[in-house]
Amino acid sequence: MQVTVEDITAVKKILHVEIPEEQVTRELDNAYNELKKQAKVKGFRPGKAPRTILERLYKRDVDRDVVSKLISDSFPNALEKTEMKIIGTPTLDSPDIEKNKPYRYNATVEVIPAFDEVDFRGIEVERRIYPISEEEVREKIEEIRQSMAEPKRVEEPRPLQEGDLAVLDYEGTWEGGPLEALQRTEGFTLQVGSGKILQDFERRLVGMQEADVRKIDVRFPEDYFNDALAGKQVSFHVTLKEIRELVLPQVDDAFAKSVGPYETMEDLRSAVRDRLREAYARRSEEEVDAHILETLVQRSPFELPATLVNNEAEAMVAETERALSARKMSLEASGATREGLTAAYQQTAEQRVRNHLILARIIEQENLTLSDEDMDKAFDEMAQSLRQPVEVVRRHYEKDQEQSQALNRDLLRRRAMALIKEAAVITEKVVDGEAESPA
């Protein structure tokens, strides 16, 4: 067998494979001998039909099967000969068999980019330190308070105000006809001013009284997330069924006790400060990591295989679908499409793949491995996070090979990042009043 490699790009190759004529002939002979034993040909006893008759009746099927066997037998050997580690599924150009000739086929493949050792030492990076203000603590406590507000029907007649909960029946029409995306809905609850629908729509609800009926015309923006509504001038026919106001709890020790295991408001404030401190610390490290990876990519530029980028983008779409499913929503209901999300995630997917490949190269060149202690620590942390016994978590990963491999890759990447940061020159800068509060 002869194998030659044609370079299309640094990560895309064509393998030209030639299988000797004698091997092709042998496989054809074997195929027809097996067929002769099984074929039922009119006018001939089992096993007695001449090959010429079998070729006339079954040549297309036999050739297809032989080609499949020749490729499946030879391709792994071709990869071994070239020492090529491919990713994804090869694209095959497999012509028909020609009599008394070698069989030649081509396989277009993608490979992991090859690049020199990564120089990761001495990267200069600034770690931003975010102080916590008492105003932030108050804002977070107010967010908790708002989330615990109790809706109460307004008993005395009054107009709908911003911040109220409006219970609506509505239906949207477009160009005088019904619109499936805005079919009649009853008992829909909307907090006025929340931006859940459109600002124009919500603003025009203000001032309505219970039982009022109002026609509200709005135009959806061209870039609206739901393609079925984007750019359309829609008429809403709205009936206000009920007005509810949100009653906020008093901020006192009783409120703190209702939030969690706190005895006083000072206990709650202290817990909020701790959470903000942890969130800011995570942000600082994420910024350091991002700067380091950006620097490494600049130091070691390389071409990306499309297969890895597409796989990463598809994984991000699947992640979005899982998040929507947890909120009992579908991709379609959110107004998005798999194609649109895949395109939107492309740039982020490219960045992730570059980062993963850079770290994989460092893991390889530094011979980083995981010890039993590393795995035990990881399982302990996951068990605490999931509130599950350690053995339950461990057994789950032992049974699921794919998730186990993903965990190993993640832990090795963390080890690589820790090694890079140990070799980096990190200075600290206190940031005051520049950052948005972490979620």
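**Close-up 1. Strand E6 pairs with strand E11 in this predicted model.** Let's start with E6, which covers residues 150-153, and E11, which covers residues 233-247. Four bridges link the two strands, and their pairing is antiparallel. To find one of these pairs, look for Pro151: its bridge partner in E11 is Leu246.

**Close-up 2. Strand E7 also runs antiparallel to E11.** E7 spans residues 165-174, and 10 bridges join E7 to E11. Which residue of E11 stands opposite Thr173? Follow the pairing across and you arrive at Ser235.

**Close-up 3. Strand E10 is joined to E11 as well.** Here residues 213-219 form E10, and seven bridges connect E10 with E11 in an antiparallel arrangement. A handy landmark is Lys215, whose bridge partner in E11 is His237. While you are looking at strands, here is a general pattern to keep in mind: in a regular strand, side chains alternate between the two faces of the sheet.

**Close-up 4. Helix H11 packs against helix H12.** Now we move from strands to helices. H11 is made of residues 390-399 and H12 of residues 401-422. Their axes lie 5 Å apart and make an angle of about 110°. Angles of 65 to 115 degrees count as roughly perpendicular, so that is how H11 and H12 are described relative to each other.

**Close-up 5. Residues from H11 and H12 meet where the helices touch.** On the H11 side, look for His396, Tyr397 and Lys399. They meet Gln401, Gln403, Ser404 and Leu407 of H12. Sorted by class, this contact holds two nonpolar residues, four polar ones and one charged residue.

How values were computed
Residues numbered from 1 in each chain as written. Predicted model: local features only at pLDDT ≥ 70, side-chain atom pairs only at ≥ 80, totals over all residues. Heavy atoms only, no water. Axes fitted to C-alpha atoms, helices over the stretch in contact; angles between N-to-C directions. Parallel < 35°, antiparallel > 145°, perpendicular 65-115°, else oblique. Contact = heavy atoms within 4.5 Å. Nonpolar A, V, L, I, M, F, W, Y, C, P; charged D, E, K, R; others polar. Pairing = 2+ DSSP bridges.
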